[in-house]
Amino acid sequence: MKRQFVLICMLGSLLVLSGCASQLTGETYSRDEARRPQIVRTGVVESVRPVQIEGTKTIIGPAAGAAIGGVAGSGVGGGRGSAIATVIGALAGGMAGAAAEEGITRAQGVEITVREDDGTVRAFVQEASPEVTFRPGDRVRVQTVNGQTRVVK
């Protein structure tokens with residue numbers, strides 16, 4: 001019973017922490033970006049293409065997976081067999097946790113190529129937003145704050 005409780009708590013914490021991943025859309029600002037001056041340039045969208053933004057790869061996923069796998073493995077067998085199952089469970093859980101974290105935090109993105117009013121052409125990648133779509137010919141603003149740049153309509 002205690003093992004199941006620990007397993008459920010660790011799995012729950014992995015899910016909660018994966019929900020904390022910041023969004024990368026043009027409409028989302030971090031607390032550090034709020035109330036800061038921004039550099040604003042304007043331009044016209046030349047092209048748009050969908051891209052995949054890979055998920056995060058922190059220690060949280062593998063650690064949670066290893067803990068869950070170790071707890072699950074420790075319930076198998078007895079004596080030396082239980083110790084081996086614990087190690088194998090922890091290794092397999094760590095790999096599964098890393099894959100789960102990357103998969104959960106992966107996002108659909110969009111690469112927007114903009115010809116700025118000064119003639120400079122730049123491409124920007126940000127998370128796709130269902131509320132805002134970009135098309136060639138759209139007039140846009142390119143905003144930069146704290147080294148982070150976003151394209152907005």
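Which residues does Glu116 touch, not counting residues up to four places away in sequence? Here are some notes, with that one picked up in point 6.

1. Start with the overall layout. This is a predicted model, and the protein in it has three helices and five strands. Going along the sequence, you'll meet them in the order α-β-α-α-β-β-β-β. Of the 153 residues, 33% are buried. Take the contacts between residues at least 6 apart in sequence: 70% of those join residues at least 24 apart.

2. Next, have a look at the helix pair. Helix α2 covers residues 60-74 and helix α3 covers residues 80-105; their axes sit 6 Å apart, at an angle of about 150°. Angles over 145 degrees count as roughly antiparallel, so that label fits α2 and α3. The crossing of α2 past α3 is right-handed.

3. Who makes that helix contact? On the α2 side the residues are Ile60, Gly61, Pro62, Gly65, Ala66, Gly69, Gly70, Gly73 and Ser74. The α3 side brings Ser82, Ala85, Thr86, Gly89, Ala90, Gly93, Gly94, Gly97, Ala98 and Glu101. Sorted by class, you get six nonpolar residues, twelve polar and one charged. Glycine is counted as polar in that tally, and several glycines turn up in the contact, including Gly65 and Gly89.

4. Glu101 is worth a stop of its own. This residue lies in helix α3 and is buried, with a relative accessible area of 7%. Leaving out residues up to four places away in sequence, Glu101 touches Thr56, Lys57, Thr58, Ile60, Gly61 and Pro62. Ile60, Gly61 and Pro62 also belong to the α2 side of the helix contact.

5. Now Ala72, over in helix α2. Is Ala72 buried or partly exposed? With a relative accessible area of 44%, Ala72 is partly exposed. If you want a distance to check by eye, try the C-alpha atoms of Ala72 and Ala90: they are separated by 8.4 Å, and the two residues are 18 apart along the chain.

6. Back to the opening question. Glu116 has its place in strand β2 and is buried, at a relative accessible area of 3%. With residues up to four places away in sequence left out, Glu116 touches Arg41, Thr42, Gly43, Arg122, Phe124 and Val142.

7. The largest nonpolar core is made up of nine residues: Val45, Val110, Ile112, Val114, Phe124, Phe134, Val140, Val142 and Val151. Strands β2 (107-116) and β4 (139-145) each supply at least two of them, and β2 gives the most, with three. Phe124 and Val142 are core residues that you've just met as contacts of Glu116.

8. Within that core, zoom in on Val114. Again not counting residues up to four places away in sequence, Val114 touches Gly43, Val44, Val45, Glu46, Thr120, Val121, Arg122, Phe124, Val140, Val142 and Val151. Among these, Val45, Phe124, Val140, Val142 and Val151 are members of the core. Gly43 and Arg122 are on this list and on the one for Glu116.

9. Last, a backbone detail to look at. Which sign does the phi of Asn146 have? Asn146 has a positive phi, about 55°, although it is not a glycine. You'll find Asn146 in the loop between β4 and β5 (148-152), and at 44% relative accessibility Asn146 counts as partly exposed.

Note on methods. Residues are numbered from 1 along each chain as its sequence is written. This is a predicted model: local features need pLDDT of at least 70, side-chain atom pairs count only at pLDDT 80 or more; totals for chains, interfaces and linings use all residues. Side-chain values use heavy atoms; hydrogens and water are left out. Axes are lines fitted to C-alpha atoms, for helices over the stretch in contact, and angles run from 0 to 180 degrees between N-to-C directions. Helices (H or I, at least four residues) and strands (E, at least two) are DSSP runs, numbered from the N terminus. Angles under 35 degrees count as roughly parallel, over 145 as roughly antiparallel, 65 to 115 as roughly perpendicular and the rest as oblique. A crossing is left-handed if the near helix is turned anticlockwise from the far one by less than a right angle, and right-handed if clockwise. Contact means heavy atoms within 4.5 Å. Buried means under 20% relative accessible area, exposed over 50%, partly exposed in between (1.4 Å probe, protein chains only). A nonpolar core is a set of buried Ala, Val, Leu, Ile, Met, Phe, Trp, Tyr and Cys residues joined through side-chain atoms within 4.5 Å.
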